Amino acid sequence: MPVPAAPGRIALAFAALNLAAAEPRDPEKIAAEFCATCHRPNLIGSPAPNLLDHLWTHGGNDESVLRSIRQGFPASGMQPFEGVLTEEEMRGLLRHIREQAVEYAAGRITHPPAPASVSLTSELHTFRLETFVADLDTPWGIAFLPDGQILVSEREGRLRLIRKGELEPAPIRGTPGAFVKQDGGYLDVIAHPDYARHPWVYLAYSEAGKLPDTSMTVVVRGRIHEGG
């Protein structure tokens, strides 16, 4: 005699059947409902990562992104959407992210300006955050030079110079190209401990490997000449 399925299993199967039969929802509305809280309404991130800058921690090709949507990362707070969204809806969401990434790369989706100063209170202290220099793109490493100048590595593969509190408009020329995918790009930058006598700057970055989608970390050194 067949054993009847548990009521909970019947309800789950019925819900899955309804999800599969429903018309796919609009990707923009899906993003607003499920992504905006963690990635902001325009998907540029905070507190969760930016979805439009091509820097994917778990792989940036279509199947890797779809796998991330399906399975989620519960340990870091991202729920799995398999069973919540249909396969067609997840692929529609991926297309929406790709379309918005094009707008972001063209400068039509921008980050809001950082406040010049904001006061914050923790459990033990009250403190103030001040914007020292704006308009940096994912600053990664900072090196303080003896003459007061500051070097900043940007993850996208640029080395920037801050002089007298102002960011030089153009990056320093002659720096190496980088493998800017997932966690790759320009990493840390430091100055020689005796920079006044040995004005070397050391830069760590990701370099493309010989096989597709592989990389290795490289450290190079160079000197900054007047004029960049």
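This briefing walks through two helices and a few unusual backbone spots in the structure above. The model is a predicted one, so please read every value below as computed from its coordinates. Helix 2 has a kink of about 45°, helix 3 has a cap at its N-terminal end from Asn-61, and the loop between these two helices holds Pro-47, which follows a cis peptide bond.

**Helix 2 (27–39)**

- At the start of helix 2, Asp-26 brings a side-chain oxygen to within 3.0 Å of the backbone nitrogen of Glu-28.
- The kink in helix 2 is centred on Glu-33.
- Between its end C-alpha atoms, helix 2 spans only 15 Å, whereas a straight helix of 13 residues would span 18 Å at 1.5 Å a residue.
- The buried residues in helix 2 are Ile-30, Ala-31, Cys-35, Ala-36 and His-39, and helix 4 is among the elements that cover them.
- An α-helix has 3.6 residues a turn, so residues three or four places apart point the same way.
- Arg-40 follows helix 2 with a positive phi, near 75°.

**The loop from helix 2 to helix 3**

- Pro-47 sits in the loop that runs between helix 2 (27–39) and helix 3 (62–71).
- The peptide bond leading from Ser-46 into Pro-47 is cis, and its omega is near 5°.

**Helix 3 (62–71)**

- Asn-61 caps the N-terminal end of helix 3, with a side-chain oxygen 3.2 Å from the backbone nitrogen of Glu-63.
- Buried positions in helix 3 are Ser-64, Val-65, Leu-66, Ser-68, Ile-69 and Arg-70.
- Helix 4 (87–105) is part of what covers these buried residues of helix 3.
- Just after helix 3 comes Gly-72, with a positive phi of about 65°.

**Positive phi in the strand loops**

- Thr-138 is found in the loop between strand 2 (126–130) and strand 3 (139–144).
- Although Thr-138 is not a glycine, its phi is positive, at about 50°.
- The relative accessible area of Thr-138 is 27%, which means that this residue is partly exposed.
- Lys-164 belongs to the loop between strand 5 (158–163) and strand 6 (166–167).
- Lys-164 is not a glycine either, yet it has a positive phi of about 55°.
- With 81% relative accessibility, Lys-164 counts as exposed.

Notes: Residues are numbered from 1 along each chain as its sequence is written. This is a predicted model: local features need pLDDT of at least 70, side-chain atom pairs count only at pLDDT 80 or more; totals for chains, interfaces and linings use all residues. Side-chain values use heavy atoms; hydrogens and water are left out. Helices (H or I, at least four residues) and strands (E, at least two) are DSSP runs, numbered from the N terminus. Buried means under 20% relative accessible area, exposed over 50%, partly exposed in between (1.4 Å probe, protein chains only). Contact means heavy atoms within 4.5 Å. A polar contact is a pair of N or O atoms within 3.5 Å; within protein, one must be able to donate a hydrogen and the other to accept it, and residues adjacent in sequence count only if both atoms are side-chain atoms. The expected span of a helix is 1.5 Å times one less than its number of residues. The bend at a residue is the angle between axes fitted to the seven residues ending there and the seven starting there.
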